[in-house]
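These are my notebook entries on a structure that I wanted to read slowly, one element after another. I begin with a single pairing and work outwards from there.

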Amino acid sequence: MVELEGITVVYNPGQDNQKVALEDVSLGVNNGDFLVVVGANGAGKSTLLKVLLGEVEPLQGHFKVNGKVQTDRSPSRRAKTIGRVYQDPNSGVFPNLTIRENLSVASRKGMRGLGFSGIPQKVLEHLESLDLGLEKRMETKAGELSGGQKQALAMVMAIASDPELLLLDEHTASLDPKSAKKVMDLTKRINEKLGITIMMITHNMEFAGTYGNRQIRVEEGKIFEMDSPVPEAVCGKI
Amino acid sequence: MLAVLEQGLIMGLMAMGVFVSFRILNMPDLTVDGSFALGGAICVSFLLAGVPAAIALLLGALVGGGAGIVTALIHRKLKVNVLLAGILVMTMLYSVNLRIMNGPNLPIPRVVATSSLGSFEEEEGGDLLGGLFDDMDLPSGANERAKTPSSGPAKNIFHSDSGAGNLVLLSLILGATAVGLFVFLKTDLGTVMRGFGSNPDGVQAFGVSKTVLSVIGLAIANGLVGFSGGLFSLYGGFADVSMGQGMIVVGLAIVMMGEIVFGRKKPLLGVVAPVIGGVIYQGILALVMRYGYRIGFRASDMKLLTALFIVVMIALSLFRKPKAKLTVKKEVEKLWSNSKG
């Protein structure tokens, strides 16, 4: 279970341009949940993910995984338990490496040695399950793939080493509708078949309703469950 | 001709280091100008202290790699732009090299130890660089100092009367280094390092520290440069505080020349490309030195030409149309398949 307790994030504290990005936010995500996070731009959704990834230090509060407080903020160490896929298809893959090399890099977490590791069978099975034929193009550079193929490959890479939590930040936003649907179907399969907890930020309300089993809304640095009433102060901004 | 090949191979080794920082890590590291001279200074200093040349060379490479580590730490830990971090270390190294050599240069005496007991004999031949660095003002005092070493210098690995011996030796060194680098880039660490070059933030998502990769990468890059600086000094018979001046530009030009021959499609071929580029560069330099005077060129104009070459290559790359290239490639493939049929 992933828990955020009393998280407050303030950008540029004490300066003229001080901004409270998250205010006393508490959130619990059960193992196996498919949590969808919606909200307007600048509401604090991405800050929430950055806190989880250790990229932003909260002023107050802490973050737990399976009851253990995560004190080490090093993004590379956090990455050992958290996978992520962002909006830009090039950010989740290594464009200059082949598909084989990309999967090889993703199959292990942590510093590498001078060995020559292969790709675990289960990762190849994930790749085949995409039904995109990528397993037949293992020597193709990731940079030569289409946006949808890159995102699908990035998803396989993100789950290659069995993360506790998979964070998705508008990962279908730059894709055409057909590719976006394929990637979303894959996201659902990852959640259902592998039981990986997913936290997905999206502006696509159709996807939010169809795929998630729980939705939260972030407004002005605060979190509301989707079935809770919208406060008057933020009503006009949604 | 032999000298051109030999010097080209040494420059190729230096460019291999530039290839690692610029093409593999995608980090424009300017430490090279300092680490080249540092490798030479360390190597010659240890050689004069009686350390065998092979070990002196390795020490030059190790200390050169240390300079790369300093640049990487300044860049990553102090959040200084890598260009500025490189300039800072390069500037520091100028003073460091003067300290190491206890002067602006350090010639290797023409007397070499013939046995471990420290007896010396005159060795024939002189500066293998053929006057390439004649503009460097080697003080007579330094020569005198070097001719009477206190502990006796170790034997140089290069000899001016060895015929093709130097070329064979350099080819073996270059070959072993290129194979070593090629294999390294195929390992798990090498693969993630190549990935780091195209997506620096991406490696973090797989639990790999960007700082550690920068440190290892720049250590390898400057280690290769320091190694070539040591070879250059042993080959030329001296180390000089200004011998690394403009090396980054030369290295980059050599990498680009190699890429003209091999292309950039397969980056692993880039390991070999600098070697070919180095020989081409040295060939052009030799031609300019031999015949350039007829059109008013001087050897000292070579750095201007080298920098202009890079500017032209960058300008040309802006006008390149990938689609057009692809069409040409397809046309060639079609013609090829037709010719077979």
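**Entry 1: a pairing in chain A**

Which residue in β8(A) is the bridge partner of V37(A)? I looked it up in the model, which is predicted, and found that the partner in β8(A) is I201(A). This pair belongs to a set of 4 bridges that join β3(A) to β8(A), and the two strands run parallel. I then checked the pairing of β3(A) with strand β9, residues 214-219 of chain A, and found 4 bridges there, with the strands again parallel. For V38(A) I noted R217(A) as the bridge partner in β9(A).

**Entry 2: how covered is β3(A)?**

I asked how many of the residues of strand β3, residues 34-38 of chain A, are buried. The count is 5 of 5, and I wrote the strand down as mostly covered. I recalled that side chains in a regular strand alternate between the two faces of the sheet. In β3(A), I found F34(A), V36(A) and V38(A) pointing one way and L35(A) and V37(A) the other way, with all of them buried.

**Entry 3: β7(A) and its neighbours**

Next I turned to strand β7, residues 165-169 of chain A, where 5 of the 5 residues are buried, so the strand is largely enclosed by the rest of the structure. I checked each face separately: L165(A), L167(A) and D169(A) lie on one side, L166(A) and L168(A) lie on the other, and both faces are covered.

Strand β6, residues 82-85 of chain A, is joined to β7(A) by 4 bridges, and the two run parallel. Within this pairing I located I82(A) opposite L165(A). I also looked at β7(A) and strand β8, residues 197-201 of chain A, which run parallel and are joined by 5 bridges. There D169(A) stands opposite I201(A). Following the chain from β7(A) to β8(A), I passed through helix α6, residues 177-194 of chain A, and I recorded this β-α-β crossover as right-handed.

**Entry 4: an antiparallel sheet in chain A**

I then traced an open sheet of 4 strands in chain A, whose order is β2-β1-β4-β5 and whose pairing is antiparallel. Why does one side of β2 (19-29) and of β5 (68-69) have no neighbour in the sheet? Both strands stand at the edges with a single partner strand each, so one side of each is left free of a neighbour in the sheet. Strand β1, residues 2-11 of chain A, is joined to β2(A) by 7 bridges, and V2(A) has V29(A) as its bridge partner in β2(A).

**Entry 5: chain A as a whole**

Stepping back, I counted 8 helices and 10 strands in chain A. A compact globule of 238 residues would have a radius of gyration near 18 Å, and chain A has 18 Å, so the value agrees with that expectation. The C-alpha trace spans about 55 × 40 × 35 Å along its principal axes, and 52% of the residues of chain A count as buried. The exposed area of chain A is about 10,700 Å², with 48% supplied by carbon and sulfur atoms.

**Entry 6: a helix in chain B**

Chain B has 12 helices and 4 strands, and buried residues make up 51% of its 341 residues. I looked at helix α7, residues 188-198 of chain B, where 10 of the 11 residues are buried, so the helix is largely enclosed by the rest of the structure. Among them are L189(B), V192(B), M193(B) and F196(B). The buried residues of α7(B) pack against α3 (99-106) of chain A, and also against α1 (2-24), α6 (165-186) and α8 (210-236) of chain B. The accessible surface of chain B comes to about 15,900 Å², and carbon and sulfur atoms account for 66% of it.

**Entry 7: how far to trust it**

Last, I checked the confidence of the prediction. The mean pLDDT of chain B is 80, with 78% of its residues at 70 or more. Within chain B, confidence is highest in helix α3, residues 53-77, at a mean of 95, and lowest in strand β3, residues 120-122, at 40. Over residues 131-150 of chain B the pLDDT is below 50, although this stretch has 27 contacts in the model beyond near neighbours in sequence. Residues 337-341 of chain B are also below 50, and there I found 0 such contacts. I reminded myself that predicted coordinates should not be read in detail where pLDDT is low. For the complex, the predictor gives an ipTM of 0.79 and a pTM of 0.80.

Notes:
Residues are numbered from 1 along each chain as its sequence is written. Chains are lettered from A and ligands numbered from 1 in the order in which they are written. Side-chain values use heavy atoms; hydrogens and water are left out. Buried means under 20% relative accessible area, exposed over 50%, partly exposed in between (1.4 Å probe, protein chains only). Two strands pair if DSSP finds at least two bridges between them. A crossover is right-handed if, with the strands pointing away from the viewer, the path from the first strand over the helix to the second runs clockwise. The radius of gyration is taken over C-alpha atoms; the globule rule is 2.2 Å times the number of residues to the power 0.38. Accessible areas come from the Shrake-Rupley method with a 1.4 Å probe; for residues, only the protein chains shown count as cover. Contact means heavy atoms within 4.5 Å. pLDDT is the predictor's confidence in each residue, from 0 to 100.
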